[in-house]
Amino acid sequence: MLQLPKNCYIGLALTALASNACANDMFASDSPWMLGDWGGTRSELLEKGYDFTLGYTGEMGSNLHGGYDHDRTARYSDQFTFASHMNLEKILGWQDTELQLTLTERHGDNISNDRINDPRVGGFTSAQEVWGRGETWRLTQLWIKQKYFDGALDVKFGRFGEGEDFNSFPCDFQNLAFCGSQVGNWVGGIWYNWPVSQWALRVRYNLNSELYAQVGVFEQNPSNLESGNGFKLSGSGTQGAVMPVELVWTPRLNGFKGEYRAGYYYSNAKAQDVLKDSNGQPAALSGAAYRSRSSKHGFWLGAQQQVTSLASDQSRGLSLFANATMHDKKTNAIDNYVQAGLVYKGPFDARAKDDIGFALARVHVNPGYRKNARLANQAAGLDDYDNPNFLPVQDTEYSAELYYGIHLADWLTVRPNLQYIRHPGGVSQVEDALIGGLKIQSSF
C-alpha cells in the first residue's frame with residue numbers, strides 16, 4: 001500500500017483547527033494566511049506598502065499503470081517560496097513604483113523521470129510540474145516596475161523569467177503540459193520559466209482599457225540553469241538575447257472575463273541544427289558536427305474565457321481555455337504543441353470555492369529530429385528497441401488530466417488528480433501510463 005509523505009498531511013491536519021477561528025487568528029479558514037494576521041501587524045504592513053509571503057507547493061505522483069517501468073511507487077516534490085512585494089510610492093514616495101524580491105527552494109523526485117519515460121531520451125511533459133531546474137535555492141525575482149503617463153506605459157527591469165509576462169498561464173493543473181508558459185516548456189534551452197531568472201527588460205503600453213502590447217529583452221545565458229548559479233548576477237556565459245513581443249486583449253464578452261494572447265519570440269544566439277551538418281548532409285551519417293544556425297524563433301496563441309456564471313455569484317461558472325505554440329523546425333525538437341481544457345469554479349453550493357479542471361494536450365516532434373534518431377540508429381547498426389544503446393525514436397505524446405480542487409481554507413487548496421499519458425516521451429513502444437497525483441498549494 002502506498003503512503004503519502006508526511007508533508008502531505010501537515011496542511012490537511014491543520015484545517016481541523018480552522019473552523020473555530022476568526023479571520024485574524026492562525027488557521028482561520030477565511031484568512032489568506034495560515035499563520036493569521038500577526039495580531040493585525042500584517043494588515044498594518046500592507047497599508048504601509050509591505051507585503052510578505054511564504055508559499056508552499058507540494059506534488060505527489062504515483063504510476064498506477066503502464067509507463068516505461070511498471071514497478072509501482074510514489075514520488076514527492078515541492079517548492080517553498082519566500083517573497084516580498086513593496087509599494088515604493090507608499091514607502092519612499094516614488095510614484096507608481098513597485099519592487100519585488102522572491103527566493104525559491106525546490107527539492108524532491110519526479111515519477112516521470114524513470115517510471116513513465118524511457119530514460120534514454122526522457123519525456124516532454126512532467127507529471128509533477130513543480131520538479132525541475134535543480135534541487136537548490138534560487139533568486140527567482142528581483143525587479144523594479146514603474147508606470148508613466150497615467151499608467152499607460154509600464155516598464156519593468158531586473159531579474160525575472162519570460163513566463164511572468166509573456167505567454168502567461170495559470171498553474172492549477174499538476175501536469176506541466178497544462179501549467180504556466182508553454183513556450184518555456186518546449187524551448188526550455190533558451191526560454192527560462194520560473195524559478196530561473198535572468199537579466200531582463202519588459203516594456204508594456206496600454207492601448208486602451210482592454211488591449212495592451214508589450215516587448216521584452218531577456219538575457220540568454222545557459223549558466224543560469226546550473227544549480228550552483230541560483231544567485232548569479234554577472235553576465236558571464238551570455239550567448240545572446242531572447243526578444244518576445246506580444247499583444248494581449250482582455251475583454252468582457254457578454255459580461256464574462258476573457259484573455260487572448262498572440263506573440264512571437266526571436267533569439268539571436270546561435271542554435272544547432274537538429275539534422276544537418278555544414279554541408280547539408282545528415283550529421284548522424286557523416287559524423288561531422290551539426291550545422292550552426294544564426295537564430296531561433298517561434299509563435300504562440302492563448303485564450304481563456306469564462307462562458308457561464310451563477311446569478312448569485314459571478315465568480316462561479318465554466319471557463320474554457322486553449323493554447324498553441326509553433327517552433328523553428330531547423331533547430332527545435334518540438335515543432336508544435338496544442339492544448340485545450342475547461343475549469344468549473346463553485347460546482348456545488350456547499351463547496352462554492354472548489355473547482356474542477358479537465359484538459360488535453362498534444363506535443364509533436366519535429367520530423368527532422370525524428371529522422372536524425374533513425375539515422376543515428378542506422379549508423380550504429382541498431383534496430384532493436386530493447387538494446388540499451390538503441391536511441392528511441394520520438395513522435396507524438398498525448399496527455400490528459402482531471403482534477404478536483406478542494407478549497408479547505410483561503411490559505412490551503414488540495415487538488416487530487418488523475419493523469420493519462422499516451423506514448424510517454426513520444427515513444428510508441430512505451431506503454432500508455434495512468435498516474436495518480438495530489439497537488440497542495442498553501443500560503444503561510
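Ser126 is in contact with Asn110, Ser112, Gln174, Asn175 and Leu176, once its neighbours within four places in sequence are set aside. The model in which these contacts appear is a predicted one. Ser126 belongs to the loop that runs between helix H4 (112–116) and strand S4 (137–148). Its relative accessible area is 8%, and because buried means under 20%, Ser126 is classed as buried. Two polar links of its side chain can be followed in the structure. One is a polar contact of 2.8 Å with the side chain of Asn110, a residue that also appears among the contacts of Ser126 listed above. The other leads from the side chain of Ser126 to the backbone oxygen of Gln128, at 3.1 Å.

Other loops hold details of the backbone. In the loop between helix H5 (182–186) and strand S6 (198–208) lies Pro195. The peptide bond that leads from Trp194 to Pro195 is cis, and its omega is near 10 degrees.

Two further loop residues are marked by their phi angles. Asp96 is not a glycine, yet its phi is positive, at about 50 degrees. Asp96 sits in the loop between helix H3 (88–92) and strand S3 (97–108), and its relative accessibility of 30% makes it partly exposed. Asn254, likewise a residue other than glycine, has a positive phi near 55 degrees. The loop that holds Asn254 connects strand S9 (252–253) with strand S10 (256–267). Is Asn254 buried or exposed? With a relative accessibility of 78%, Asn254 counts as exposed.

These loops are part of a chain with seven helices and 19 strands. For 444 residues, a compact globule would have a radius of gyration near 22 Å; the chain has 23 Å, and therefore agrees with that expectation. Along the principal axes, its C-alpha atoms fill a box of roughly 70 × 55 × 45 Å. Of the contacts in the chain with a separation of 6 or more, 64% are between residues 24 or more positions apart.

The division between interior and surface can be described for the chain as a whole. Of the 444 residues, 50% count as buried. The accessible surface comes to about 20100 Å², and carbon and sulfur atoms account for 57% of this area. As for charge, the chain carries 39 positive and 47 negative side chains, and the centres of these two sets are 5 Å apart.

Notes. Residues are numbered from 1 along each chain as its sequence is written. This is a predicted model: local features need pLDDT of at least 70, side-chain atom pairs count only at pLDDT 80 or more; totals for chains, interfaces and linings use all residues. Side-chain values use heavy atoms; hydrogens and water are left out. Helices (H or I, at least four residues) and strands (E, at least two) are DSSP runs, numbered from the N terminus. The radius of gyration is taken over C-alpha atoms; the globule rule is 2.2 Å times the number of residues to the power 0.38. Buried means under 20% relative accessible area, exposed over 50%, partly exposed in between (1.4 Å probe, protein chains only). Contact means heavy atoms within 4.5 Å. Accessible areas come from the Shrake-Rupley method with a 1.4 Å probe; for residues, only the protein chains shown count as cover. Lys and Arg count as positive and Asp and Glu as negative; His and the chain ends are not counted. The place of a charge is taken as NZ of Lys, CZ of Arg, CG of Asp or CD of Glu. A polar contact is a pair of N or O atoms within 3.5 Å; within protein, one must be able to donate a hydrogen and the other to accept it, and residues adjacent in sequence count only if both atoms are side-chain atoms.
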